2 protein chains.
Amino acid sequence: MPETWVDRPRSGDGPLYRQVREALLREIAQGRHPVTEPLPSEQKLAARFGVAQGTVRRALDEMARENLVIRHQGRGTFVHAHGPDRDRFHFFHLLAADGERRLPTSRVLSMTQRRVTQTEALALSLSPQARVVEIKRVRDLMARRAILELIILPDDLFPGLGDLNKTQLPNTLYQLYQDRFAVIVHRAVEKITAEAAGPDDVTHLGLDRGAPLLRIERIAQTLDGTPVELRISRCDTTHLAYFSDLL
Amino acid sequence: MPETWVDRPRSGDGPLYRQVREALLREIAQGRHPVTEPLPSEQKLAARFGVAQGTVRRALDEMARENLVIRHQGRGTFVHAHGPDRDRFHFFHLLAADGERRLPTSRVLSMTQRRVTQTEALALSLSPQARVVEIKRVRDLMARRAILELIILPDDLFPGLGDLNKTQLPNTLYQLYQDRFAVIVHRAVEKITAEAAGPDDVTHLGLDRGAPLLRIERIAQTLDGTPVELRISRCDTTHLAYFSDLL
DNA sequence: AACACAAAGTCTTCTATAAGAGTTATAAGA
DNA sequence: TCTTATAACTCTTATAGAAGACTTTGTGTT
């Protein structure tokens, strides 16, 4: 046996290139293929799967389009991770008033560990007894308080996170998830509503009581669809807007 | 000369398949290739452009991914237009409270013709003297007043629209734009903010004065990026939510 | 001997072409 | 109605050269 052959595309599942795609997806989801080193070359993968190189290529191209892997000519194909290369705005859809996309800064208000609530358990598909870490922070955009954020993380996916000092949290959390806990956020679903400012919003965002604000409820997922983060952002949209491109 | 040969891919512009793509895009934007009949077959296009069939295929595949054309095995490739085939929810991102995607019904309040305002002219890149048609309507979702919509259309793109009776307007306007005026909306950009309900919202949506609502400002564009519609939707989000998938 | 730099070689992805087998839809004919 | 033919797209494989990135080797200098 030339290699450990864990995942062969099953026969009769549809197009070959899609079977290859699924096999690769499973491998990546299982955590083989560290983000620091390239996947096996197209040739190698083709040999492993017993298909032509072009078929592997088609699978990889499709995955690259979905931002699951990133391909560098001459270097190889890598699992698409968070880092300097990646588009930082992919998961940040707030636009400053001047129409420019800017990254916010963050100040952590609190970080606590506790039992999950019922709605949280539902959103993250956790058991009612599960424990979570709750992070609360204020984010500034263009030196103006703009976002009040509540982040809920399953404790079992992020062991030891609750013990960190709140000053140790970086601005870009997804980078942290990836580097410290090998959790890679690949996609997210957001539900957006309008709400009236409550006491918390008044104190931390400086809004008037009852002022309209944008509520963004995000569930971030890994490659295989496992929800790993629930994030509720409350935004003062007097100087910014959420944007969405319908292509 | 075998055909009218308007657009040849220029030499040295980058990958061949992309030159073909651009050439086809120009053709479609110019309004050749009616939506009712297929584009020339891959073979024909390959012959026209002097490239291999696989190269044309790659260009078309890319365009199909971007929802610019739609491919039917055995029938041909068509300009992707609005109609029964097309995903009706592509341009409607509101989610009912139960999590289901439903289409709203519409009741037109008014339809008037007037001079463009300054902000409208900016958004639609019109001259300050241009005339527009303004449509105002209320949309119900699950038999509940949910959206107050203001639609601004450049008069020169939609000649004679202002003369229509307001009862003649269909629920799905993009279908009308396409069938009556040969204007195909291919993409849209939305900016979303939270606002307080004003007098209009109170009367038409039954909201309390100052209640928070979701404001969606959409600019719809044709293939070549020409803005053709400005639409401002004011939504009561007590029973629905805007959703966005970050893939 | 140690270092700097250029050339050569190798690995990888990217582009282009070609060809054959399979699937789907439409139209013509029995 | 059923069958057949045809046209079109789909899938897979194969090959070959171009282009980018990295490593090794060779050369010359210090």
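1. In this predicted model, strands E6 (residues 145-154) and E9 of chain B pair in the antiparallel sense, with six bridges between them. One point of register that can be checked directly is B:Leu148, whose bridge partner in E9(B) is B:Arg234.

2. Strand E9(B) is also joined to strand E8 (residues 212-221) of chain B, here by eight bridges and again with the two strands running antiparallel. Within this pairing, B:Glu217 has B:Ile232 of E9(B) as its bridge partner. The hairpin formed by E8(B) and E9(B) has five residues between the strands, and B:Gly225 adopts a positive phi near 90° in that hairpin.

3. As for the surroundings of E9(B), which spans residues 227-235, nine of its nine residues are buried, and the strand is therefore largely enclosed by the rest of the structure.

4. Turning to the nucleic acid, 20 residues surround DNA strand C, and those that come nearest are A:Arg71, B:Leu16, B:Tyr17, B:Thr55 and B:Gln73. By class, this surface has nine polar, six charged and five nonpolar residues. Of the DNA strand C atoms within 4 Å of the protein, 85% belong to sugar or phosphate, while the rest belong to bases.

5. Phosphate oxygens of DNA strand C lie 2.4 Å from a polar side-chain atom of B:Thr55, 3.1 Å from one of B:Arg58 and 3.5 Å from a side-chain N or O atom of A:Thr77. The elements giving two or more residues to the surface near this DNA strand are helix H2 (42-49), strand E1 (69-72) and strand E2 (76-79) of chain A, together with helices H1 (16-29) and H3 (53-65) of chain B.

Terms used. Residues numbered from 1 in each chain as written. Chains lettered and ligands numbered in written order. Predicted model: local features only at pLDDT ≥ 70, side-chain atom pairs only at ≥ 80, totals over all residues. Heavy atoms only, no water. Buried < 20%, exposed > 50% of the residue type's maximum accessible area, 1.4 Å probe, protein only. Helix = DSSP H or I, 4+ residues; strand = E, 2+ residues; numbered from the N terminus. Pairing = 2+ DSSP bridges. Near = heavy atom within 4 Å. Polar contact = N/O pair within 3.5 Å; in protein donor to acceptor, adjacent residues only side chain to side chain. Nonpolar A, V, L, I, M, F, W, Y, C, P; charged D, E, K, R; others polar.
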